[in-house]
Amino acid sequence: MKNRLWYVDLIRIVSIFLVIVVHISSSNFDWYQPDSAEWQIINAYDSVARICVPLFVMISGIFFLDPKKEIGIRKLYRKNIWRIVRVFLFWSSFYAVFMAFYPFNSFSMDQMDETISRFIEGHFHLWFLFRIVELYIMTPVLRKISEEKKLMQYIMLYCFVLGFLIPTIRQFPIGSTVTMADDWINLDITFGYVGYFFAGSYLHRYGVTPRVKKWIYALGMVGLLTTFLGTGFLSIEAGRPVGWLYEYLTPNVMITSLAVFLWFKETFNHRTFSKRAQKWIKECSDISFGVYLSHVLIIFLLNQLNITTQLLNPILSVPLLTGIVAVLGYIVVKMMSKVPGLKKWIL
């Protein structure tokens, strides 16, 4: 583990917690009025957490665009893409059956039809698997571009205009979590995530000057405030939640994500951790993907038991539930991974 990128592991761990925050807070938006303190607290948590998916994509870019790492097309499909496909097959099947038949007290052909439909579409949080496979398929071409620093800068600028500015100006008629639009690929959204893919690789390999770093940090704070205050204002004005500023491909979420990524790199890239700390960081990082895949089920079951953000004031309930879901997810995935032959299908 000598050459392990510990700051990447830390980003991965933080990101999975933030994903849980997003799904806990956003699922409760309709329970409060936008002009209430409770709603604005949830808005604050959700605004902070929206960097989760961009960070995941950026750290993928570090490894898949690394010029020192050999990634052949055959290996890419047989190892990386097939891994995502089989994980989707397992979890999409599981969620489709569970959600169609829960609470398992009836059976009908309509439920069977619903199960098939749910399986094909994938549960709502599995959209990320579609998007990451899309990036993996493009990797051989993207790696060629990443060989030159100037080309990377050019493609990132192109992606910013096409994948961030244009969808934001249009207020996202197609959401950044939509995998298919009108039964076809939406290139605006595709190139937005390509931009994150390159940004992670670029910041890891080249970094930025101290002056640019200060600008990124400052704009990151502006971006976060824009997400929080903008969403709050638009929602109060409309009298209902208006969440397009939460989209992962808005400039405000993008610059905040870059700032956080850069802060982790600058703070932890050369930090020395004890062997015990390394063990736990690696353990939590390795299992984070499984927690991502399973956490929605855990949130659903907790909600069925009326364990929601309404138990306490959201300022306490959101982080408390996040911790509970993360711990339960860890336990569930560890137990499932002990079943012979099952680990490769769930992680």
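Where does Asn-306 lie? Asn-306 is in the loop between α11 and α12, and we will come back to this residue in the last view. Please keep in mind throughout these legends that the model is a predicted one.

**View 1. The largest pocket has a volume of about 950 Å³.** Start here if you like open spaces. Of the 28 residues that line this pocket, Arg-12, Phe-63, Phe-64, Arg-83 and Tyr-136 are the closest to its centre. The elements that each give two or more residues to the lining are α1 (6–26), α3, α4 (73–101), α6 (127–145) and α11 (275–304). Sorted by class, the lining of the largest pocket holds 14 nonpolar, five polar and nine charged residues.

**View 2. The second largest pocket has a volume of about 370 Å³.** Here 15 residues form the lining, and Met-156, Leu-157, Ala-199, Met-254 and Leu-258 lie nearest the centre. Two or more lining residues come from each of α7 (149–169), α8 (187–205) and α10 (251–268). With six residues, α7 gives the most to the lining of this second largest pocket. The classes here are 13 nonpolar and two polar, with no charged residues.

**View 3. Helix α1 is largely enclosed by the rest of the structure, because 18 of its 21 residues are buried.** From first C-alpha to last, α1 reaches 30 Å, close to the 30 Å expected at 1.5 Å a residue. Look for α1 again in the next view, where it gives the most to the largest nonpolar core, with 13 residues.

**View 4. The largest nonpolar core has 94 residues, and Tyr-193, Tyr-196 and Phe-261 touch the most other members.** As general background, nonpolar side chains tend to be buried together in soluble globular proteins. To follow one member, pick Phe-261: leaving aside residues up to four places away in sequence, Phe-261 touches Tyr-7, Ile-11, Leu-55, Met-58, Ile-59, Ile-62, Gly-200, Leu-203 and His-204. A second, separate core has five residues, among them Phe-29, Trp-39, Ile-42 and Tyr-246.

**View 5. Ser-60 sits in helix α3 (residues 52–64).** Is Ser-60 buried or exposed? At 14% relative accessibility it counts as buried, because the cut-off for that label is under 20%. Beyond residues up to four places away in sequence, Ser-60 touches Ile-132 and Phe-197.

**View 6. Leu-249 lies in the loop between α9 (210–238) and α10.** Although placed in a loop, Leu-249 is buried, with a relative accessible area of 0%. Which residues does Leu-249 touch, not counting residues up to four places away in sequence? They are Gly-163, Phe-164, Thr-168, Phe-172, Ser-176, Ile-189, Gly-192, Tyr-193 and Tyr-196. You can also find Leu-162 in this view: 87 residues separate Leu-249 and Leu-162 along the chain, while their C-alpha atoms are separated by 10 Å.

**View 7. Helix α12 (residues 314–337) has the span its residue count predicts.** The 24 residues should span 34 Å at 1.5 Å a residue, and the end C-alpha atoms are 33 Å apart, which agrees. The buried residues of α12 include Val-318, Leu-321, Thr-322, Val-325, Ala-326, Gly-329 and Val-333. When you read that list, remember that an α-helix has 3.6 residues a turn, so residues three or four places apart point the same way. Among the elements covering the buried residues of α12 are α1, α2 (37–49), α4, α11 and α13 (343–346).

**View 8. Met-112 is found in helix α5 (residues 109–121).** Met-112 is partly exposed, with a relative accessible area of 32%. The C-alpha atoms of Met-112 and Val-97 are separated by 8.4 Å, and the two residues are 15 apart along the chain.

**View 9. Phe-172 and Asn-306 each have a positive phi without being glycine.** Phi of Phe-172 is near 50 degrees, and that of Asn-306 is about 65 degrees. Phe-172 is in the loop between α7 and α8, while Asn-306 is in the loop between α11 and α12. Phe-172 is buried, with a relative accessible area of 8%, whereas Asn-306 counts as exposed at 59% relative accessibility. Phe-172 also appeared in View 6, as one of the residues that Leu-249 touches.

Technical notes
Residues numbered from 1 in each chain as written. Predicted model: local features only at pLDDT ≥ 70, side-chain atom pairs only at ≥ 80, totals over all residues. Heavy atoms only, no water. Helix = DSSP H or I, 4+ residues; strand = E, 2+ residues; numbered from the N terminus. Buried < 20%, exposed > 50% of the residue type's maximum accessible area, 1.4 Å probe, protein only. Contact = heavy atoms within 4.5 Å. 1 Å grid on protein atoms, 1.4 Å probe; cavity = no way out; pocket = protein on both sides within 12 Å on 5 of 7 lines; lining within 4 Å. Points joined across faces, edges and corners; volume = space filled by probe spheres on them. Nonpolar A, V, L, I, M, F, W, Y, C, P; charged D, E, K, R; others polar. Expected span 1.5 Å × (residues − 1). Core = buried A, V, L, I, M, F, W, Y, C linked by side-chain atoms within 4.5 Å.
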